[in-house]
Amino acid sequence: RPSNIEKFTDGRFRPTQLAADAPPLEWTDPPRPQSLAPSVSSSQLGGTPALLLVHPEDLHPESLVPQAMNLKAAFAFSCVEGTVDWPFGDKARAFVDEGIADAAERLKNHYQLTVDMVNLLDPVALIEACRSAAVETVVTPYAPVGPVADSLEALERELRAEGFSLYRLRRDWDEFAWPFATKGFFPFKKKIPALLEYVGLQ
């Protein structure tokens, strides 16, 4: 109704004539996410010397990478380069920057590591960090889709060309929850009791 439009646009718009009908939008259901396995588990890497790459999609590596894993250094970035500015807007960027700084501080204490923090993911700088730490393996939290996932895919190609390997890790409970994330939050919500039971939080 014109009165609704006026109310919810704070008085900016009050149309005098509205369409008699509203045809439905054309919509094609997107493909459901697959239960993708990580490229390797942290236990499989064992004592392999590695550099930990921290990105804004997952800022709690302490629950992902076992302390016994042979981490030699860490590299944290807050922004990716692409066709759009990511993260979006000053407030989002400040939020991500603060999260990265917090994660870096926790990493220093938890793993006793030096953490290089950069604004933009730079493959050249990361490769130099790997060489300085004398590692050929980079481990990073799994990012399913979006700008970070796209950047990691491009990064993997550049690392491989220089003789380095990139492995994406996921937690066991991520693996368990992933197949249920198919239709938005409310269908997923029904699975939360089972997820809590799985991780021992009934």
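Which side chains meet in a salt bridge at 3.1 Å, N to O? They are those of Arg 131 and Glu 162. The pair ties together distant parts of the chain, 31 residues apart. Arg 131 sits in helix H4, while Glu 162 belongs to the loop between H5 and strand S5 (165–169). Arg 131 is partly exposed, at 46% relative accessible area. Glu 162 is also partly exposed, at 42%. The model is predicted.

**Overall fold**

The protein chain has eight helices and five strands. Along the sequence they follow the pattern α-α-β-β-α-β-α-β-α-β-α-α-α. The radius of gyration is 22 Å, well over the 17 Å that the globule rule gives for 202 residues, so the chain is more spread out than a compact globule. Its C-alpha atoms fill a box of roughly 70 × 40 × 30 Å along the principal axes. Buried residues account for 34% of the 202. The accessible surface comes to about 13000 Å², and carbon and sulfur atoms hold 54% of that. Take the contacts between residues at least 6 apart in sequence: 68% of them join residues at least 24 apart.

**Nonpolar cores**

In soluble globular proteins, nonpolar side chains tend to be buried together. Here the largest nonpolar core has 23 residues. Leu 51, Leu 53, Leu 126, Val 138, Leu 155 and Leu 159 touch the most other members. At least two core residues come from each of strand S1 (50–54), strand S2 (71–79), helix H4 (123–133) and helix H5 (147–161). Another core, of 19 residues, lies apart from this one. Its members include Val 65, Val 96, Ala 104 and Tyr 111.

Val 138 shows how the larger core is wired. Beyond its neighbours within four places in sequence, Val 138 is in contact with Leu 51, Leu 53, Cys 130, Leu 159, Ser 165, Leu 166 and Tyr 167.

**Salt bridges**

The structure holds 10 salt bridges. Three of them are tabulated here.

| Pair | Closest N to O distance |
|---|---|
| Glu 6 and Arg 14 | 2.8 Å |
| Arg 131 and Glu 162 | 3.1 Å |
| Arg 171 and Asp 174 | 3.3 Å |

Glu 6 is partly exposed, with a relative accessible area of 31%. Is Arg 171 buried or exposed? Arg 171 is buried, because its relative accessible area of 8% falls under the 20% cut-off. Its partner Asp 174 is partly exposed at 21%. Salt bridges with shared partners join Asp 58, Arg 171 and Asp 174 into one network.

**Backbone and surface**

Most residues other than glycine have a negative phi. Gln 112 has a positive value, near 55°. It lies in the loop between helix H3 (90–111) and strand S3 (115–120). Gln 112 is exposed, with a relative accessible area of 67%. Ala 134 also has a positive phi, near 60°. Ala 134 is in the loop between H4 and strand S4 (137–141). It is exposed as well, at 63%.

Ala 101 lies in helix H3 and is partly exposed at 37%. Ala 101 and Met 117 are 16 residues apart in sequence, with their C-alpha atoms 7.8 Å apart.

Which residues form a nonpolar patch on the surface? They are Trp 173, Leu 196, Tyr 198, Val 199 and Leu 201, with about 490 Å² of accessible area together. Val 199 lies in the segment after helix H8 (192–198). Val 199 is partly exposed, at 37% relative accessible area.

Key:
Residues are numbered from 1 along each chain as its sequence is written. This is a predicted model: local features need pLDDT of at least 70, side-chain atom pairs count only at pLDDT 80 or more; totals for chains, interfaces and linings use all residues. Side-chain values use heavy atoms; hydrogens and water are left out. Patches are made of residues with over 30% relative accessible area and no salt bridge: like charges are joined within 9 Å, nonpolar side chains (Val, Leu, Ile, Met, Phe, Trp, Tyr) within 5 Å. Accessible areas come from the Shrake-Rupley method with a 1.4 Å probe; for residues, only the protein chains shown count as cover. A salt bridge is a side-chain nitrogen of Lys or Arg within 4 Å of a carboxyl oxygen of Asp or Glu. Helices (H or I, at least four residues) and strands (E, at least two) are DSSP runs, numbered from the N terminus. Buried means under 20% relative accessible area, exposed over 50%, partly exposed in between (1.4 Å probe, protein chains only). A nonpolar core is a set of buried Ala, Val, Leu, Ile, Met, Phe, Trp, Tyr and Cys residues joined through side-chain atoms within 4.5 Å. Contact means heavy atoms within 4.5 Å. The radius of gyration is taken over C-alpha atoms; the globule rule is 2.2 Å times the number of residues to the power 0.38.
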